[in-house]
Amino acid sequence: MRAPKVLIPVALGTNRDGDLADAFEAAGAEAIRMPLEALRHGESKLADFQILAIPGGFSYGDALGAGRLFGLDLVGWFGDQLREAHESEMPILGVCNGFQAIVSAGLLPGEADNPGVLTGNARGTFECRWVTLRPEPGNDSIWLSELTEPIRCPVAHAEGRFVAANLGAVEQRNGVAFRYLDGVSGELANGTYPANPNGSAGDVAGITDSTGRILGLMPHPENHIWSRQDILRGRRTGGQALPMFNAAVAAVRS
Amino acid sequence: MTLEWALAIGPGHRRTNADDPVILTAATFGIPLDAITEYRVAHVRGDLDGAQVGTIATRLLVDPVNGWFKPAAELTHDNELVIETGLRPGVTDREGAELIRASAQIDHPIDAATIGRRWIIEASPALTPDQIEALAYRVLHNEVIERWSIGANSLAAGFVEDQPVTPLTEILAVVGASDDELQTIANGRRLGLNLIEMQQVRSHFTEVGRNPTDAEIETIAQTWSEHCAHKTFRAAIDVTNEAGEIVLHVNGLLDQYLRAATNTIDAPWVHSAFVDNAGLVRFDDDFDIALKAETHNHPSALEPFGGANTGVGGVVRDIIGVSAKPIAVIDILCFGPPDLDPAALPDGVLHPRRVRDGVIAGVGDYGNKIGVPNVGGAIVYDSSYTTTPLVFAGCVGILPVGSHPTEPRPGDSIVVLGGAVGRDGVGGATFSSQTMQAETANVAGSSVQIGDPIVEKGLIDVVMAARDAGLYTAITDCGAGGLSSSIGEMASELGADVDLDSVPRKYQGLAGWEIWLSEAQERMVLAAADPTPILELAARWGVDSSVVGTFTGDGRLVVRHGGESIVDLDCTFLHDGCPLHHLVANLQTVAPMQRSADSVDARAATLALLAHPTIASKEATIRTYDHEVMGGTMVRPFGGPHGDGAANGAATIPPGTSGDRAMVIGIGVNALMGDHDAYAMAWHVVDEAVRNAVIAGADPDELSLLDNFAFGNPNNPDTLGQLVAACQGCHDAALSFNAPFVSGKDSLYNVFVHPDGSADPVAPTLVLTAVGIAKQPENIPLTGVVAAGNYVFLVGPERGALGGSHLDLVLGKARGGAVPQPDPSAIERHRELAAAIGEGLVASAHDPSEGGLSVAACEWAFAGRLGLELRLATDEATLFGEGPGRYLVEVTPQNADRFVELVPSAKRVGDVSAGDAVRIGFGPDDIEDSGGIILTLDEIETAWKTQP
């Protein structure tokens, strides 16, 4: 059986495209990095792929707001293709700058009357550190279906504090996918730095849309696929995020 | 109808915390602020009505959840002080450019856009006019790249306009000129050429029978600059002793010491050394590592953000310039004391805090945006760095063996990838090769620029794809000197014919020589028989490209502008015509003072050392660098169970490789020893780099070294004497360690000249970077101690040296004694420990460096959140001495016998304990009585996490 194909679109300034490709390849998919220009000129269509994964980085240098212009491209150039893909139940992932882009494009939280934004970290600076994420048990997204334990992975962002016009509505429909935990105590970070690196209300690290097929998150699960990458290498076992990618690849295979 | 609009974008960002960087910097200048609120002000010009401008603002500028906008004139501020800042026209302005692009995308095209800042200041008591000006001038803006004014709506938009056309080409009367006139020409244009060099130019053009153009003389000045030609490192040097007798003749420091060491070692893993943009060494059977480290000192002193930013950009381009994919950056930064009294600052010098914050932001911005992990570095504070801060940036890349073409052919097209040129960044190579003065900031301001890292990320994608498809025959980066250096160098044998009319520019009105020399960043130059596939690739990845000429094969460098030939130079003269410098060095003999025997409070001294800014945790800085992107990082700057313990070296698995090997980096630097004994200092930093690499898993028998010198004025015989001694030390240490130099960079003239003529030279500073390979990455020791009950071994001598030590630094008094002496037996200990690491016997390790064993034990225990019981002597040479080939090593009891077999020089000195303290002395009962130390992890944390 042919490996499912993952489209990883690259805007000027995208930089974790290779990382995301490595993670999907490790999960058995064929990952294709493609510049937006090539997509725009019809080199491929979204319908040629089974998964769409928007990578991290600094698209357009974060000019005018992190992910904003990437989001504008998605809506302006590929709006129809995105609608079709979503209707055909394609899993869509946005990581870090990709999360910022799909929130800006309105794909997340996904309700027309509830816009969201990823805004400046509470401490006002770029922050790179390993964090611990709890997959939320009430969220039945396919992306979370093989995650049974908290995962460790790095964050690397300056604008990761999730704000929605109505966060309660997202909570209500079990739309929160990941929350930041205190990795030492195992308790929720409860807004405290550094376990919650950006000050997001409710320790929200990632959310899904109402179908569960669109997942966006600030941390980088694609950077913890192998145990050798783990900051706790040799001290603790487990914690990898590979099952998240396996789950999506398995879902589109079946 | 074309109109200009100014929109204020809210809500503003209001800062009130005393430790906010803006408020803190203002306080440093004696400007107490209660609060400062920053608004963006978007300036837009186009054929737009109010509704259309509103659409642009809503869709592109305003936060969709909480944001708003209003005409800037309607944003009023009662009784409040307002300062406005904005970029100078022509400075890299990514936000403005993207606003123009995105407005067109939403069908509201505009002609011009730029985004400035409005600052609302709250202060009581009210600021004086002097304070207001200082706040605007020194805190909120940088003269080199920005404008400022006081009052709301007081600052004009500052759109990029075409410049008045400069007279096309100037002819310089060199033929027949007197020596005085030659010097007037050199000084007037800040060419950085001395009289002998100008005389050589005069005789060449006398022979040719015409005068040079401005473009020709500028090309010569760039090519012959210290920055490009390394005149001091190639100079003939008479070395004298203190009696003034010539004791040695050096035929070029580079050839006689650095290259000589590499040639003697003749290492099979070195594939290319000293000949290209970067060195190439073997990684495994399929891949090579490319490595390079650069300095960017002068620009960083003037515009810290832009200087450091383009410093990282430049060294990353060096790696792209050998067809390698950049996989790691490092940065070694040297600053003046952050708490320096501003009243002590000479005119024209930025405060160390301002320099530091700007440099760190610049390093982080570039590395983060280009997506290359920053895996290691150092920050060193010393008062000599106040007027001449140092910025070293290094980069490592990976490429398939044999994939880097280096032979342009006659008829090949010259392809330039990357952005348009402007007047910013003209003359960087000559500027960086001269001493700095108070007025340097004004006259050399145009030599400094802001980088655009996302363009360089595009260059990586395009060049890697072009390399894999075999589309070019040679490549180099466009750095100092712009096209004049890059094309000039590639054409040094073939010659080239270049048409500047094909070079994209930011605005009209540039003189030919300005286009030719502009250092617009983020450009690469390629030679290709058929340029079309490269141009297509560039378009696919959104990178600008142009064909600007051909390599001819006639040995002449010809440059045309507006149909006229403005350069027509013989390449042999250009590249080989620079007269050798002849210099005199005065070699000081080193006679250390007897050390005075004052007693030291060991506990207080350890805490003071932990809190010294050079030793204290750099977490606040390192968190702002992405050290994880690419997913290869194994040993990162911080580790341990809480992720906040300092690592020694760095290790990363290069993307695309098998995963069976890791690339390892160790760094050594010291600011204190060079003035005592530059020869010994060189050995010391080589050893430190090797130690750090070994702890991160490297095989010490397959290391390659990068040297970076930052010294003062080489025309001063004492300074040059120190440089000669340092090079001798590098040579001898490299041979002893069997580790060849493969690339390097010298930065000289790091001297600040005061208006009264007195000079502040930089401390003789040598940064050594060791790059190697971990062949069993799974066995790389962890950061921080791992488990209570494990044994602690000391490898190497118990006692270290105290001359030039950090102990004396924190005690505020040099108390004599020798600096650490060269130790040819150290390599044996490095090999033994590496063998034990290779067998998986080492749980964790840490090296005593700045501050010695006591500091190392505290850092190591804190990183692992466990205690240490160490039975060591408590004299100051044991606790605080520094020296080569020493390690603290943690081994499980089961592995201890085998460990000692492999590391015979290891001595068991204690255990890891389940306690919460580091205890050093003679046994658990009499530690304090014996003059030992007990420090709890909390005390260590408080001291070590002090924020300078």
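Two strands count as paired if DSSP finds at least two bridges between them, and strands (E, at least two residues) and helices (H or I, at least four) are themselves DSSP runs, numbered from the N terminus. The structure is a predicted model, in which local features need pLDDT of at least 70 and side-chain atom pairs count only at pLDDT 80 or more, while totals for chains, interfaces and linings use all residues. Residues are numbered from 1 along each chain as its sequence is written, chains are lettered from A and ligands numbered from 1 in the order in which they are written, and side-chain values use heavy atoms, with hydrogens and water left out.

A convenient place to begin is a sheet in chain B. This open sheet has three strands in the order E8-E7-E23, with mixed pairing; strand E8 (246–251) and strand E23 (582–586) of chain B are its edges, each pairing on one side only. From one strand to the next the twist averages 20°. On one side, strand E7 (residues 236–240) of chain B runs parallel to E23(B) and is joined to it by five bridges, with B:Asp238 standing opposite B:Val584 and B:Ala236 opposite B:His582. E7(B) also pairs with E8(B), here in the antiparallel sense and over five bridges, and B:Val239 stands opposite B:Leu248 of E8(B). E7(B) and E8(B) form a hairpin with five residues between them, and in the turn B:Gly244 has a positive phi of about 85°.

How many of the residues of E7(B) are buried? Five of its five residues are, where buried means under 20% relative accessible area, exposed means over 50% and partly exposed lies in between, with a 1.4 Å probe and protein chains only. Both faces of the strand are covered, since B:Ala236, B:Asp238 and B:Thr240 on one side and B:Ile237 and B:Val239 on the other are all buried. Two helices lie across strands of the sheet, contact being taken as heavy atoms within 4.5 Å, and angles running from 0 to 180 degrees between the N-to-C directions of axes fitted to C-alpha atoms, for helices over the stretch in contact. Helix H10 (residues 253–265) of chain B lies across E7 and E8 of chain B, at about 80° to E8(B), and helix H24 (residues 717–737) of chain B lies across E7, E8 and E23 of chain B, at about 85° to E23(B).

B:Ile237 of this strand leads on to the nonpolar cores, each a set of buried Ala, Val, Leu, Ile, Met, Phe, Trp, Tyr and Cys residues joined through side-chain atoms within 4.5 Å. The largest has 164 residues, and B:Ile237, B:Ile289, B:Leu417, B:Phe709, B:Val889 and B:Phe899 are those with the most contacts inside it. Helix H23 (residues 678–695) of chain B gives the most to this core, with twelve residues. Apart from the largest core lies another, of 94 residues, among them A:Ala11, A:Ala63, A:Ile92 and A:Tyr180.

The two chains can also be followed through a pair of helices. Helix H3 (residues 68–87) of chain A and helix H2 (residues 50–61) of chain B pack at an angle of about 105°, with their axes 10 Å apart. H3(A) and H2(B) are therefore roughly perpendicular to each other, a term for angles of 65 to 115 degrees, whereas those under 35 count as roughly parallel, those over 145 as roughly antiparallel and the rest as oblique. The contact is made by A:Arg68, A:Leu69 and A:Leu72 of H3(A) together with B:Thr58, B:Arg59, B:Leu60 and B:Leu61 of H2(B). B:Ala57 also lies in helix H2 of chain B and is buried, with a relative accessible area of 0%; not counting residues up to four places away in sequence, B:Ala57 touches B:Leu7, B:Val62 and B:Phe69.

Some local backbone features remain. Most residues other than glycine have a negative phi, and most peptide bonds are trans. A cis peptide bond joins B:Gly10 and B:Pro11, with omega about 0°, and B:Pro11 lies in strand E1 (residues 2–15) of chain B. Another cis peptide bond joins B:Ser124 and B:Pro125, with omega about 5°. Phi is positive, near 60°, at B:Asn153, which counts as partly exposed at 40% relative accessibility. B:Tyr749 likewise has a positive phi near 60°, but is buried, with a relative accessible area of 13%, in the loop between strand E30 (741–747) and strand E31 (751–753) of chain B.
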